Amino acid sequence: AGPGVSAFQPGDAVFGQFMPQRTLHWGTYADYVVASASGAVAPKPVSLDYMQAAALPMPAQVALASLDALEIGSGETILIVGATGGIGTYAIQMAAQRGARVLATARPEVANYVTSLGAAQALDYTQGDLVSAVRTLYTEGIDAVLDVATRDPEGLSHISQVLRAGGRLLTAIVTTEAPRLAEQGINAALLSWQPSAALLGRIAR
């Protein structure tokens, strides 16, 4: 810990995400790394070993930032597209902890896995139309969609049809559809976030 650093002491177990440096942003291997004490660094959760903690920051922070942006609350229904990936698995658990009803896309062989994480229902996106499946269950539409998998604007526009009027959609990939979806009464946005000690601290709790 350098001069003027009071939040951390030598020997503290920490974890974090170091985005500003280009080398680290794209990934690297090192025994030691220098990080700003005011950056995305936080005390490591005692329940995690170092390997587990190293895998946590990016997907967990994206999941938390996404649910914050969508303002997911208790009693709401959210569809998570890409639910079996790193971001999706954290988002399932975090949304369920908020009291939301989670619909998760999943192949049949991992359906039990997503429900064990807190999803109310697993939806097999490989069989039939996902929108029709959701609309059969919720004829008035659902409250929100978090999509971390769809890569084409047409696909995202189609998935937006699961939403009720005034529903919210957040995409981590597609950049062009938000204005057009807004014309249809859907609050759509591309995720924008920054790693931070505050997010990591919330996750660690």
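# A walk through the sheet, a helix and a pocket

Start by selecting Leu103, which stands opposite Gln121 in β5. Leu103 sits in a predicted model, as does everything else on this tour. Now widen the selection to strand β4, residues 101-105, and add β5: three bridges join the two, and they run parallel.

**Stop 1: the whole sheet**

Color the other strands too. Six of them form an open sheet, and reading across you get β5-β4-β3-β6-β7-β8, with parallel pairing. At the edges you'll find β5 (121-123) and β8 (187-190), each paired on one side only. Turn the view so you look across the strands: from one strand to the next, the twist averages 20 degrees.

Next, show helix α6, residues 130-137. This helix packs on the sheet and touches β3 (77-81), β4, β5, β6 (142-147) and β7 (163-171). Compare its direction with that of β5 and you get an angle of about 150 degrees.

**Stop 2: strand β3 and its neighbors**

Select β3 by itself. Are its residues buried or exposed? Five of its five residues are buried. Side chains in a regular strand alternate between the two faces of the sheet. Here, Thr77, Leu79 and Val81 lie on one side and Ile78 and Ile80 on the other, and both faces are covered.

Now bring back the neighbors. On one flank, β3 pairs with β4 in the parallel sense over four bridges. Click Leu79 and look across to β4, where Leu103 stands opposite; that is the residue you began with, the one facing Gln121 in β5.

Strand β6 is the other partner, again parallel and over four bridges. To find your place there, pick Val81, which has Asp147 of β6 opposite. β6 is mostly covered as well, with six of its six residues buried. Carry on across the sheet and you'll see five bridges joining β6 to β7, which run parallel. Ala144 is a handy marker, standing opposite Arg168 in β7.

**Stop 3: helix α3**

Leave the sheet and select residues 57-70. This is α3, a helix of 14 residues that reaches 20 Å from its first C-alpha to its last, close to the 20 Å expected at 1.5 Å a residue. Residues three or four places apart in an α-helix point the same way, because there are 3.6 residues a turn. How many of the 14 residues in α3 are buried? The count is 11, so the helix counts as mostly covered under the 20% relative accessible area cut-off. Among them are Pro57, Pro59, Val62, Leu67 and Leu70.

Step just past the end of the helix to Glu71, which lies in the loop between α3 and β3. Check its backbone: phi is positive, about 55 degrees, although Glu71 is not a glycine. Glu71 counts as exposed because its relative accessibility is 63%.

**Stop 4: the second largest pocket**

Rolling a probe the size of a water molecule over the atoms shows where empty space is left. In this model the second largest pocket has a volume of about 260 Å³. To see its walls, select Leu56, Ala60, Leu64, Tyr90, Gln93, Met94, Gln97, Arg98, Arg202, Ile203 and Arg205. Which helices each supply at least two residues of that lining? They are α3, α4 (86-97) and α9 (197-204). α4 gives the largest share, four residues.

While you have α4 on screen, pick Thr89, which is in that helix. Thr89 counts as buried because its relative accessibility is 10%. Leaving aside residues up to four places away in sequence, Thr89 touches Ala83, Thr84, Tyr113 and Leu117.

**Stop 5: back toward the start of the chain**

Last, jump to Phe8, in the segment before β1 (14-16). Is Phe8 buried or exposed? Phe8 counts as buried, because its relative accessibility is 13%. Show what surrounds it: beyond residues up to four places away in sequence, Phe8 touches Ala1, Val14, Ala37, Val41, Ala42 and Pro43. Finish with a distance label between Phe8 and Ala37, which are 29 residues apart in sequence and 7.7 Å apart in space, C-alpha to C-alpha.

Methods. Residues are numbered from 1 along each chain as its sequence is written. This is a predicted model: local features need pLDDT of at least 70, side-chain atom pairs count only at pLDDT 80 or more; totals for chains, interfaces and linings use all residues. Side-chain values use heavy atoms; hydrogens and water are left out. Two strands pair if DSSP finds at least two bridges between them. Axes are lines fitted to C-alpha atoms, for helices over the stretch in contact, and angles run from 0 to 180 degrees between N-to-C directions. Contact means heavy atoms within 4.5 Å. The expected span of a helix is 1.5 Å times one less than its number of residues. Buried means under 20% relative accessible area, exposed over 50%, partly exposed in between (1.4 Å probe, protein chains only). On a 1 Å grid over the protein atoms alone, a cavity is a set of points where a 1.4 Å probe fits but cannot get out, and a pocket is an open set with protein on both sides within 12 Å along at least five of seven lines; lining residues have an atom within 4 Å of a point. Grid points are joined across faces, edges and corners, and a volume is the space filled by probe spheres set on the points.
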